[in-house]
Amino acid sequence: MRNRQLALQAATQLLAEPGGTLTVEAIAKKAGLGAATVVRAFGGKEALLDAAVAGLLAPVVDRAGQLLEQAGPEQALRTFLAELIAFQSAHHAISRQLDGLEAPSTTALRQQLVSAVEEMIVGARRDGAIRTDLDTGDLVTLVGRTAFAIAQGQPASEEIVHAYLAVLMDGLRPQSPGPGSKEGPRSQRTP
């Protein structure tokens with residue numbers, strides 16, 4: 001049990017290192033264990049990565065649920081996206097490391113995150129805070145990929161993250177038609 005915990009902690013730490021390589025050997029070295037011990041503790045690299053990433057994602061999923069209970073949907077979405085960007089910035093190697101691997105626990109948690117964001121968007125739509133002319137699934141994808149892109153860019157400050165989020169959230173607001181226009185304010189802009 002102790003070796004399993006050491007390997008899990010080492011994998012989690014490597015996930016947070018920019019350019020960190022998650023091989024069984026690197027995990028074993030960081031944990032102070034032999035590679036064979038790491039494999040025995042988890043049955044392989046895939047199971048170890050799945051456990052490490054699931055351990056990191058579980059609090060993010062819990063936080064999304066808390067925000068849905070404590071704040072209005074639009075504020076929950078804005079707050080959650082800021083926190084998600086911070087998480088993804090700190091753990092940007094996760095997606096790259098999981099490419100092509102079987103990760104059932106991580107996949108289930110990712111789906112819970114998508115469902116939470118969808119719930120936030122649906123609630124904000126119901127409140128009139130988010131446009132209804134775009135498909136909910138498309139909005140979830142747009143929001144998720146935008147947050148991921150911002151995080152991958154390693155924003156220099158919290159202020160720039162909030163600026164990105166302000167632009168994103170402004171773009172999600174319902175578009176009201178301008179005076180004498182059927183297409184809304186965008187049609188009145190000049191290039």
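This is a short tour of the structure above, with a suggestion at each stop of what to select next.

**The whole chain**

Begin with everything displayed as a cartoon, and keep in mind that this is a predicted model. The protein holds 9 helices and 0 strands, so that, going from the N terminus, the elements read α-α-α-α-α-α-α-α-α. If you colour by burial, buried residues will account for 39% of the 191 residues in the protein.

**Helix α5**

Next, select residues 73–90, which form helix α5. At 1.5 Å a residue, these 18 residues should span 26 Å, and the end C-alpha atoms lie 25 Å apart, which agrees with that expectation. Now show the side chains and look for the buried residues of α5, among them Pro-73, Leu-77, Phe-80, Leu-84 and Gln-88.

**The largest pocket**

Keep Gln-88 selected and add Arg-110, Leu-113, Gly-144 and Phe-148, because the next stop is the largest pocket, which has a volume of about 600 Å³. Of the 21 residues lining this pocket, those five are the closest to its centre. Which elements give two or more residues to the lining? They are α4 (45–70), α5, α6 (93–98), α7 and α8, and the largest share, 6 residues, comes from α8. If you colour the lining by class, you will find 13 nonpolar, 6 polar and 2 charged residues.

**The loop between α7 and α8**

Move now to the loop that joins α7 (104–126) and α8 (136–152), and select Arg-131, which is found there. Is Arg-131 buried or exposed? Arg-131 has a relative accessible area of 12%, and since buried means under 20%, this residue counts as buried. Show Asp-133 as well, and you can trace a polar contact of 2.8 Å between the side chains of Arg-131 and Asp-133.

**Helix α9**

For the last stop, select residues 158–172, the 15 residues of helix α9, which should span 21 Å at 1.5 Å a residue and whose end C-alpha atoms are indeed 21 Å apart. Highlight its buried residues, which are Val-161, Leu-165, Leu-168, Met-169 and Leu-172. Then turn the view until you look down the axis of α9, where these buried residues fall within an arc of 95 degrees, so they line one face of the helix. An α-helix has 3.6 residues a turn, so residues three or four places apart point the same way. Finally, add Glu-159 and Val-167, which are exposed residues on the face of α9 turned away from its buried side.

Note on methods:
Residues numbered from 1 in each chain as written. Predicted model: local features only at pLDDT ≥ 70, side-chain atom pairs only at ≥ 80, totals over all residues. Heavy atoms only, no water. Helix = DSSP H or I, 4+ residues; strand = E, 2+ residues; numbered from the N terminus. Expected span 1.5 Å × (residues − 1). Buried < 20%, exposed > 50% of the residue type's maximum accessible area, 1.4 Å probe, protein only. Polar contact = N/O pair within 3.5 Å; in protein donor to acceptor, adjacent residues only side chain to side chain. 1 Å grid on protein atoms, 1.4 Å probe; cavity = no way out; pocket = protein on both sides within 12 Å on 5 of 7 lines; lining within 4 Å. Points joined across faces, edges and corners; volume = space filled by probe spheres on them. Nonpolar A, V, L, I, M, F, W, Y, C, P; charged D, E, K, R; others polar. Arc of directions from axis to C-beta.
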